[in-house]
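Dear colleague,

Here is the structure I promised to pass on to you. Please have it open while you read, as the notes below go through it piece by piece.

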Amino acid sequence: GELIFQKGSQIVERDSGGTVTRFRGSGEVARGEPPLQQVIAYQWGTDGTLYLSDGGRLRRVGGDGVVRLVARVDGKLIEPKIWNSTGAPRIWSIAIDGRQRIYTTLPDVGQVVRIDADGSQHVVDRSVGGWRVTAVATFGDSVFLLESSDSTNAGQRVRVIRGSGKEELLGQVEP
């Protein structure tokens with residue numbers, strides 16, 4: 001019954017009675033780390049860890065409520081610039097697979113980046129043919145990609161990358 005959200009430089013929660021408190025007692029960024037920018041995406045881990053993104057940073061909020069940096073994801077912006085571009089790469093979506101690998105979408109740079117438990121980063125998908133991944137989800141060994149066209153009237157589509165590496169177009173919404 002709680003709602004978790006950003007309020008200024010903190011992550012807070014509102015309970016079902018409307019009371020707003022710091023998330024897990026802190027909700028603040030760890031000392032020495034960059035201040036929190038506008039949070040774009042949230043994702044719960046299976047262990048109750050909350051992951052969030054602000055700009056090109058992926059952060060984790062553990063049981064102590066402290067917001068800690070997991071990784072920075074960067075790259076060169078591609079043309080045409082994505083809608084509402086800020087001029088810097090941003091993580092729009094986060095997903096976690098059964099092996100605890102974290103997938104992030106960066107439509108500003110036209111990539112989906114997987115971050116492994118050891119912190120290594122791997123580009124698992126790139127923008128091709130004017131399509132950019134704006135959201136990601138996982139189920140089993142499969143990674144589902146919601147794509148939008150660089151052209152505002154080309155609709156959206158969903159692709160899947162199976163655990164075997166095979167890619168498949170599941171469907172497209174026609175304009």
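In this predicted model, the hairpin of β5 and β6 has two residues between its strands, and Gly 55 there takes a positive phi near 60 degrees. The two strands, β5 and β6 (residues 57-61), run antiparallel and are joined by five bridges, and one of the pairings places Leu 50 with its bridge partner Val 61 in β6. On the other side of the sequence, β5 also pairs with strand β4 (residues 39-44), again in the antiparallel sense and over five bridges, with Tyr 42 standing opposite Leu 52 in β5. The hairpin of β4 and β5 has five residues between the strands, and in it Gly 48 has a positive phi near 90 degrees.

Strand β5 (residues 50-54) deserves a closer look, because five of its five residues are buried, so that the strand is largely enclosed by the rest of the structure. Leu 50, Leu 52 and Asp 54 point one way from β5, while Tyr 51 and Ser 53 point the other way, and all of them are buried. Asp 54 meets the side chain of Arg 59 in a salt bridge, at 2.9 Å from N to O, and both of these residues are buried.

Further along the chain, there is an open sheet of four strands in the order β8-β9-β10-β11, with antiparallel pairing. β8 (93-96) and β11 (121-126) stand at the edges and have a single partner strand each, so one side of each is left without a neighbour in the sheet. From one strand to the next, the twist averages 25 degrees. Within this sheet, β8 and strand β9 (residues 102-106) pair in the antiparallel sense over four bridges, and Ser 93 stands opposite Thr 105 in β9.

Which residues touch the most other members of the largest nonpolar core? They are Leu 58, Ile 94, Ile 102 and Ile 115, in a core of 13 residues, to which β8, β9 and β10 each supply at least two. Apart from this core lies another, of nine residues, among them Ile 4, Leu 36, Leu 52 and Val 61. Leaving aside its neighbours within four places in sequence, Ile 94 is in contact with residues including Leu 52, Leu 58, Ile 102 and Val 136. As general background, nonpolar side chains tend to be buried together in soluble globular proteins.

Turning to charged residues, a search of the whole structure finds 14 salt bridges. Asp 108 forms one with Arg 90, the closest N and O atoms being 3.0 Å apart. This pair links distant parts of the chain, with Asp 108 in the loop between β9 and β10 (111-115) and Arg 90 in the loop between β7 (67-72) and β8, 18 residues apart; both Asp 108 and Arg 90 are buried. The side chains of Arg 101 and Asp 97 also meet in a salt bridge, at 2.7 Å from N to O. Arg 101 is buried, with a relative accessible area of 15%, and Asp 97 counts as buried at 8% relative accessibility. Salt bridges that share partners join Asp 125, Glu 147, Arg 157, Arg 159 and Glu 167 into one network.

Arg 114, found in strand β10, is buried, with a relative accessible area of 16%. The side chain of Arg 114 makes a polar contact with the side chain of Asp 116, at 2.7 Å. Not counting residues up to four places away in sequence, Arg 114 touches Arg 101, Ile 102, Tyr 103, Ser 120, Gln 121, His 122 and Val 124.

Two items remain, and they concern later parts of the chain. Strand β12 (residues 131-139) and strand β13 (residues 142-149) pair in the antiparallel sense over eight bridges, and Phe 139 has Ser 142 in β13 as its bridge partner. These strands form a hairpin with two residues between them, where Gly 140 in the turn has a positive phi of about 60 degrees.

Glu 168, in strand β15 (residues 167-173), counts as partly exposed, at 29% relative accessibility. Leaving aside neighbours within four places in sequence, Glu 168 is in contact with Val 158, Arg 159, Val 160 and Arg 162, and its side chain makes a polar contact with the side chain of Arg 162, at 3.1 Å.

With best wishes

Terms used:
Residues are numbered from 1 along each chain as its sequence is written. This is a predicted model: local features need pLDDT of at least 70, side-chain atom pairs count only at pLDDT 80 or more; totals for chains, interfaces and linings use all residues. Side-chain values use heavy atoms; hydrogens and water are left out. Two strands pair if DSSP finds at least two bridges between them. Axes are lines fitted to C-alpha atoms, for helices over the stretch in contact, and angles run from 0 to 180 degrees between N-to-C directions. A salt bridge is a side-chain nitrogen of Lys or Arg within 4 Å of a carboxyl oxygen of Asp or Glu. Buried means under 20% relative accessible area, exposed over 50%, partly exposed in between (1.4 Å probe, protein chains only). Contact means heavy atoms within 4.5 Å. A polar contact is a pair of N or O atoms within 3.5 Å; within protein, one must be able to donate a hydrogen and the other to accept it, and residues adjacent in sequence count only if both atoms are side-chain atoms. A nonpolar core is a set of buried Ala, Val, Leu, Ile, Met, Phe, Trp, Tyr and Cys residues joined through side-chain atoms within 4.5 Å.
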